[in-house]
Structure formats: C-alpha cells, structure tokens
Amino acid sequence: MTASETSSNQQLDTMDNIWRPLILINLFRFLIASIFIILYLTDNLFLPLASNHPVLFISVSLGYTLTSIIIGILNYYQKPSFETQAYLNVYTDIIAITLLMHASGGVSSGLGTLMVITIGGGSIIMGGRHALLFASIATIAVLGEGIFNQLEGISEPTSYIQAGILGITYFVTAVLT
C-alpha cells in the first residue's frame, strides 16, 4: 500500500468517526419518535403523554420520525456540511421535544429531560460556545412553552420553577460535556 492510499484511508476513517455521533443521535431520535407513535397507536400511552393535545402529540411524533429518516439520508450522503447538519439535529430536537412537552401538559410531563441528551450530544459534537447556544435556545423554548401553557390555563405559576431548574440542567450539561 502506498503512502497516498494509507493517507486516503486514514482520512475516510476520520470522516466516519466525525459523522458517527450525528448518526447515533439520529438513531436515538428515530427510536424515541417511533416509540411515541407505537404507544399512541396501541393506546398504551402513560399519563401525561398526549394528555392536553393528542392530535398535536401524534402529528409531532410522525413528523419527528419522518425528519429523522430525512436526516439519516443526509447523514449517509454527508451533505450538507457537518456543521449545518449538527445545527439541524439540535434545533429539530429542541422544537419537536418542546412541542411534545406542550402536547403532554408542559414541563411537568418530564419530556424536557429528553433535551438533556440533545444538549449533551450537540455539546460533544460542536463544543465551545455552540454548547451554550444550544442550552440557551432550549431554555428559552422551555420557558416560552411554560408561558404559553399558563396563558392557555394549563399550568400553574410554579411550573416556572421547574422550567428554570430544567434550564439550569441544560447549562450544566453543556458546560460539563
């Protein structure tokens, strides 16, 4: 084997290692969304899943699954760039999980903890200031969802404390990862 072939093989191995975390995060996304769909369709949802807005819950779960398939295809072809896909992954999760939380009664549903995995994964992939950006956006999304729930009359003012603690958890996860 020549030096150029060895160098080329090492570059391919490095590229596979760089993209692997995105693929694993997407697999997690697909499994979570699929489980939600299966639980919904078999009527085995445990409270509080889909307790406030069942149609929103199943619609977001189906969209989340479809999005994970599309992102999987993009990961396979490694187009667009790695950084663009990393942002796409994290922002997709933040939006979908926030909507699933809303459909399930808000921050008290416990679904916000799924975003800890998203923040951790995004922090590992992108690192640095990007990690804090992800934590900030997720915290704003959770707090915004809490405000929206209170305006709808779904949640109590004490849910802000839970949302704040969840936001702190996002930042701790981002910093530690």
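# A tour from A50 to the helix pairs

Start by selecting A50, which counts as buried because its relative accessibility is 8%, under the 20% limit for that class. Keep in mind as you go that this is a predicted model.

**Stop 1: around A50.** A50 lies in the loop that joins α1 and α2. Now show what surrounds this alanine. Setting aside residues up to four places away in sequence, A50 touches Y40, L45, F57, A103 and S104. Pick Y40 from that group and draw a C-alpha to C-alpha line: A50 and Y40 are 8.3 Å apart in space and 10 residues apart in sequence.

**Stop 2: the whole chain.** Zoom out and switch to a cartoon. What does the secondary structure of the protein come to? You should find six helices and zero strands, giving the pattern α-α-α-α-α-α along the sequence. Taken along the principal axes, the C-alpha atoms fill a box of roughly 70 × 35 × 20 Å. If you colour by burial, 42% of the 177 residues count as buried. A contact map is worth opening here too: among contacts with a separation of 6 or more, 74% are between residues 24 or more positions apart.

**Stop 3: the nonpolar core.** In soluble globular proteins, nonpolar side chains tend to be buried together. Here the largest nonpolar core has 39 residues, and the members touching the most others are F36, V142 and Y170. Colour the core by helix: α1 (3–41), α2 (54–77), α3 (82–103), α4, α5 (128–152) and α6 each supply at least two residues. Which helix gives this core its largest share? That is α3, with 10 residues.

Next, centre on F36. Beyond its neighbours within four places in sequence, F36 is in contact with L45, L49, F57, S61, L100, L111 and L114.

**Stop 4: α2 against α3.** Two packed helices are described by the angle between their axes and the distance between the axes. Show α2 and α3 alone: their axes cross at roughly 170 degrees and come within 9 Å. That angle is over 145 degrees, so α2 is roughly antiparallel to α3. To see the contact, show side chains for L56, F57, V60, S61, Y64, T67, I71, L74 and N75 on α2, and for Q85, L88, N89, T92, D93, A96, I97, L99, L100, H102 and A103 on α3. Coloured by type, the residues of this contact divide into 12 nonpolar, seven polar and one charged.

**Stop 5: H102.** Stay on α3, the helix that holds H102. Is this histidine buried or exposed? H102 counts as buried, because its relative accessibility is 8%. Leaving out residues up to four places away in sequence, H102 touches N52, H53, L56, E145, F148, N149 and E152.

**Stop 6: α4 against α6.** Finish with α4 (residues 114–126) and α6 (residues 159–176), which pack at an angle of about 25 degrees with their axes 8 Å apart. An angle under 35 degrees counts as roughly parallel, so that is how α4 runs relative to α6. The crossing of α4 past α6 is right-handed. Select M115, V116, I119, G120 and S123 on α4 together with T169, Y170, T173 and A174 on α6 to display the contact. The residues here divide into five nonpolar, four polar and no charged. Y170 may look familiar: it was one of the core residues that touch the most other members.

Conventions
Residues numbered from 1 in each chain as written. Predicted model: local features only at pLDDT ≥ 70, side-chain atom pairs only at ≥ 80, totals over all residues. Heavy atoms only, no water. Axes fitted to C-alpha atoms, helices over the stretch in contact; angles between N-to-C directions. Helix = DSSP H or I, 4+ residues; strand = E, 2+ residues; numbered from the N terminus. Parallel < 35°, antiparallel > 145°, perpendicular 65-115°, else oblique. Left-handed = near helix turned anticlockwise from the far one by under 90°. Contact = heavy atoms within 4.5 Å. Nonpolar A, V, L, I, M, F, W, Y, C, P; charged D, E, K, R; others polar. Core = buried A, V, L, I, M, F, W, Y, C linked by side-chain atoms within 4.5 Å. Buried < 20%, exposed > 50% of the residue type's maximum accessible area, 1.4 Å probe, protein only.
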